[in-house]
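Q: Could you take a close look at one part of this protein with me? I'd like to see how the pieces around it fit together.

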Amino acid sequence: MSATMAEEKYKLITRRLQEVLGGDSIKAILAEGRTPKCYWGSAPTGRPHIGYFVPLTKIADFLRADVEVKVLLADVHAFLDNLKAPLELVGYRTKYYKHLLLAVFKSLGIPTSKLHFVEGSSYQLTKEYNLDNYRLCATVTEHDAKKAGAEVVKQVESPLLSGLLYPGLQALDEQYLDVDFQFGGVDQRKIFTFAELYLPRLGYRKRAHLMNAMVPGLAGGKMSASDPNSKIDFLDAPEVVRKKIKLAFCEEGNTEDNGVLSFVEAVLIPISELRIARLQGDKILEQGSGDHKPFIADGAPEGTVFSIERDEKFGGSMHYNSFAELKADFASKALHPKDLKTSVAAAINNLLEPIRTAFQADEEWQRIEKLAYPDPNAKPEKKKKKEKTYHPPPPGKGKNAQPLAVETINDSAVAATTPEPTPAETAKQQELGQTS
């Protein structure tokens with residue numbers, strides 16, 4: 001591979017990332033003409049939200065740079081993550097995540113044949129992996145394990161031991177998945193540096209780590225699967241999406257902690273550029289499902305990557321060649337929050353439509369969804385009462401029984417108390433009868 005081609009691939013692999021650790025090792029692999037290998041993992045806990053578009057869109061860049069990508073469905077990690085899901089539920093959620101991720105990749109035109117899905121339990125329960133885990137536990141301090149998981153593992157007043165194991169397992173995954181770099185959100189940084197420190201102590205090589213920025217939630221702060229008010233789910237109905245975007249924090253002129261503005265930068269413009277690349281003949285990306293028109297208004301000038309569509313009486317549509325231009329207009333209040341929200345809601349619904357359609361057409365996926373995320377407000381089914389078998393009461397008993405006559409009672413009492421004659425008495429009575 002020529003130096004120029006290697007440099008172009010490296011730029012494609014690392015563009016739009018917030019941070020890269022160990023990038024030189026990736027450059028060396030490309031310079032040697034080898035194929036870099038990476039993994040991106042997700043613990044199947046809460047319902048995935050549209051913030052997942054950030055890493056999933058980035059995976060398209062990896063494939064275009066000929067990176068071998070593994071998608072880890074970290075079911076063991078999901079169980080270890082404090083208080084989130086019991087084992088049976090994790091099993092259903094793992095299946096749900098796979099259905100969903102495949103639908104998202106297909107909707108984006110990302111070829112799923114080039115992706116390798118791996119369940120963590122397929123190798124994390126082996127003898128070799130567990131022995132390495134014990135070796136790691138004999139090396140890592142409690143302080144370092146707790147610090148590494150601080151941004152990812154649920155923090156409670158009395159933490160469980162499982163939370164301390166989480167970072168070590170994620171570090172070992174790099175070795176057992178046989179990758180050159182791990183990709184994740186910047187919230188994983190402490191686990192990544194933990195892996196860089198401790199894997200070499202087990203005799204394994206240090207891997208590179210690539211991190212994307214975290215998209216702020218709709219109310220500011222982190223977009224979280226456990227906070228329904230901060231996120232939009234992949235299966236949310238169009239009217240729900242419009243309502244959530246309408247209520248989202250998007251103060252005029254304020255570009256800080258603005259989830260709507262950040263989503264344009266991290267998701268909508270990158271996907272719009274992917275769609276432009278496909279129209280221009282990119283051979284890696286497939287047609288995919290749904291509408292693949294870039295988020296550009298009709299008649300937009302060449303070079304536009306995102307349009308804010310407005311009625312002519314309000315000044316007409318606004319077209320942007322980059323996010324920097326759009327951000328500058330918003331900061332100067334040339335772009336109003338209402339116009340931004342309207343265009344963003346329309347673009348999100350455009351992205352979600354083929355995913356919702358795939359879900360409605362797949363009965364197995366619908367069945368798994370109900371098992372993975374049972375309705376917390378559903379009333380438990382009432383147990384059917386056993387049918388009673390009627391046993392008639394004995395004579396003289398029961399609710400409607402008539403009282404026996406007094407004479408009958410007395411006769412019965414006399415009969416019951418009069419003893420039968422003995423054989424000798426009977427013979428004597430007979431003898432007396434004959435004499436008389």
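Among contacts in the protein with a separation of 6 or more, what percentage do residues 24 or more positions apart account for? And which element gives the largest share of the lining of the largest cavity? Please walk me through its surroundings.

A: Happily! This is a predicted model, in which local features need pLDDT of at least 70 and side-chain atom pairs count only at pLDDT 80 or more, while totals for chains, interfaces and linings use all residues. Residues are numbered from 1 along each chain as its sequence is written, and side-chain values use heavy atoms, leaving out hydrogens and water.

To your opening question: 73% of the contacts with a separation of 6 or more join residues 24 or more positions apart, a contact being heavy atoms within 4.5 Å. The protein has 17 helices and eight strands; these are DSSP runs numbered from the N terminus, with helices (H or I) of at least four residues and strands (E) of at least two. Of its 436 residues, 44% are buried, that is, under 20% relative accessible area with a 1.4 Å probe on protein chains only, where over 50% is exposed and anything in between is partly exposed.

The element you asked about is helix H12, which gives three residues to the lining of the largest cavity. One cavity of 30 Å³ or more turns up in the whole structure, and the largest cavity holds about 40 Å³ of space. Ten residues line the largest cavity, with Leu218, Ile245, Gly259, Phe263 and Ile348 closest to its centre. H12 and H14 are the elements that give two or more residues to this lining. By type, the lining has nine nonpolar residues, one polar and no charged. (Nonpolar covers Ala, Val, Leu, Ile, Met, Phe, Trp, Tyr, Cys and Pro; charged covers Asp, Glu, Lys and Arg; the others, Gly among them, are polar. On a 1 Å grid over the protein atoms alone, a cavity is a set of points where a 1.4 Å probe fits but cannot get out, a pocket is an open set with protein on both sides within 12 Å along at least five of seven lines, and lining residues have an atom within 4 Å of a point. Points are joined across faces, edges and corners, and volume is the space filled by probe spheres set on them.)

H12 also gives the largest share, six residues, to the lining of the second largest pocket. That pocket has a volume of about 350 Å³. Of its 18 lining residues, Arg16, Val54, Glu265, Ala266 and Pro270 lie nearest its centre, and helix H3 (53-64) joins H12 in giving two or more residues. Here the lining divides into nine nonpolar, four polar and five charged residues.

Following H3 a little further, we reach Leu63, which is buried because its relative accessible area is 4%. Beyond its neighbours within four places in sequence, Leu63 contacts Val69, Ile110, Pro111, Lys114, Leu115 and Ile284. Its C-alpha atom is 8.9 Å from that of Ile13, 50 residues away along the chain.

Finally, back to H12 (259-279), which is among the elements covering the buried residues of helix H13, together with strand S7 (306-308), strand S8 (318-320) and helix H14 (337-360). The buried residues of H13 (323-331) are Phe323, Leu326 and Phe330. They fall within an arc of 65° seen down the helix axis, so they line one face of H13; the arc is taken from the directions from the axis to the C-beta atoms. After H13 comes Lys333, with a positive phi near 70°.
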